[in-house]
Amino acid sequence: MSEVAGAASFEGVTLTVDELSTRVGMTVRTLRFYAGRGLIPPPIRRGRVGYYGPEHIARLDLVRELQAHGFTLQAIEGYLDRIPSDATPQDIALHRTLLTPWMRDLPETLDRAALVRRTGRELSDDDIEMLVALGVVEPTPDEDVFQVATAHLSLGVELLDLDLPVEAVLAAGRIFTEHGRAIAEELTEVFRTKVWPHYRDSGGPPEHIQHLVERFKPVTIQGLVLAYERAVGETQRDTIRRTQHKRAGR
């Protein structure tokens, strides 16, 4: 990015590298390393001093978010390469916002004894297998140590009491995973092409986009629940009609 082009694309460019370091919680050495790798554009030069602004902050916040998701530096470079050089801080904020986990709570690491205390009941190997099949518990390389989706643990325990076959749970899980992924991809595309341009053009701050996505999550989840309930009802009615037709044809 040339200095002239960069100057035209930045507003509020007022931070020195030391001030930027304080603002984003990174060392000056790290900032210069990231700049050298092209993760952030060069500063705007005013005389001999370089200044940084909202786009630098937005990109650095995105780098930190990607690191929190386990991205390597090489993967982060590849991700940022796909973001246009003239992207606004609001555009970059969208990328960061869409990385925000949708789970209400991040998984906790619990050993078996802690898991038993958390559920309030003894857990057999079959119970653990069922919780794994439900996606509530995930094994780790350490024996009897698990990653636990604690927000859904109580639901998992309730399902244990239903005495469902593990094969049925696994089959249902595959269905939810397959269709859930397709729904997520299509809704993300709707958000990117229809919702995001509307709010971007309104000139709202990045924080407004964060608030929007936080509200968008429960609305879409409730919409999925309603659609599923209606689909089940329609399927039941279709099954009854088919049964009646068969009986009438005898």
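The exercises below, each with a worked solution, concern a predicted model.

**Exercise 1.** Classify the orientation of helix α2 relative to helix α4 from the angle at which they pack.

*Solution.* Helix α2 (residues 17–24) and helix α4 (residues 54–68) pack at about 45°, and their axes are 11 Å apart. Angles under 35 degrees count as roughly parallel, and 65 to 115 as roughly perpendicular. The pair α2 and α4 is therefore oblique. The crossing of α2 past α4 is right-handed.

**Exercise 2.** Do the same for helices α8 and α10.

*Solution.* Helix α8 (residues 125–133) packs against helix α10 (residues 166–201) at an angle of about 15°, with 9 Å between the axes. This makes α8 roughly parallel to α10. Their crossing is left-handed.

**Exercise 3.** Describe the salt bridge between Arg59 and Glu55: its N to O distance, its place and whether its residues are buried or exposed.

*Solution.* The N to O distance is 3.1 Å. Both residues belong to helix α4, four residues apart, about one turn of the helix. Arg59 and Glu55 are both buried.

**Exercise 4.** Describe the Arg241 and Asp238 salt bridge in the same terms.

*Solution.* Here the N to O distance is 2.1 Å. Arg241 and Asp238 are three residues apart in helix α11, so about one helical turn separates them. Partly exposed lies between 20% and 50% relative accessible area. Arg241, at 40%, is therefore partly exposed, and Asp238, at 30%, is also partly exposed.

**Exercise 5.** Classify Tyr228 as buried or exposed, and name its surface partners.

*Solution.* Tyr228 lies in helix α11 (residues 206–249). Its relative accessible area is 53%, so Tyr228 is exposed. With Phe176 and Val232, Tyr228 forms a nonpolar surface patch of about 330 Å² accessible area together.

Note on methods: Residues are numbered from 1 along each chain as its sequence is written. This is a predicted model: local features need pLDDT of at least 70, side-chain atom pairs count only at pLDDT 80 or more; totals for chains, interfaces and linings use all residues. Side-chain values use heavy atoms; hydrogens and water are left out. Patches are made of residues with over 30% relative accessible area and no salt bridge: like charges are joined within 9 Å, nonpolar side chains (Val, Leu, Ile, Met, Phe, Trp, Tyr) within 5 Å. Accessible areas come from the Shrake-Rupley method with a 1.4 Å probe; for residues, only the protein chains shown count as cover. A salt bridge is a side-chain nitrogen of Lys or Arg within 4 Å of a carboxyl oxygen of Asp or Glu. Helices (H or I, at least four residues) and strands (E, at least two) are DSSP runs, numbered from the N terminus. Buried means under 20% relative accessible area, exposed over 50%, partly exposed in between (1.4 Å probe, protein chains only). Axes are lines fitted to C-alpha atoms, for helices over the stretch in contact, and angles run from 0 to 180 degrees between N-to-C directions. Angles under 35 degrees count as roughly parallel, over 145 as roughly antiparallel, 65 to 115 as roughly perpendicular and the rest as oblique. A crossing is left-handed if the near helix is turned anticlockwise from the far one by less than a right angle, and right-handed if clockwise.
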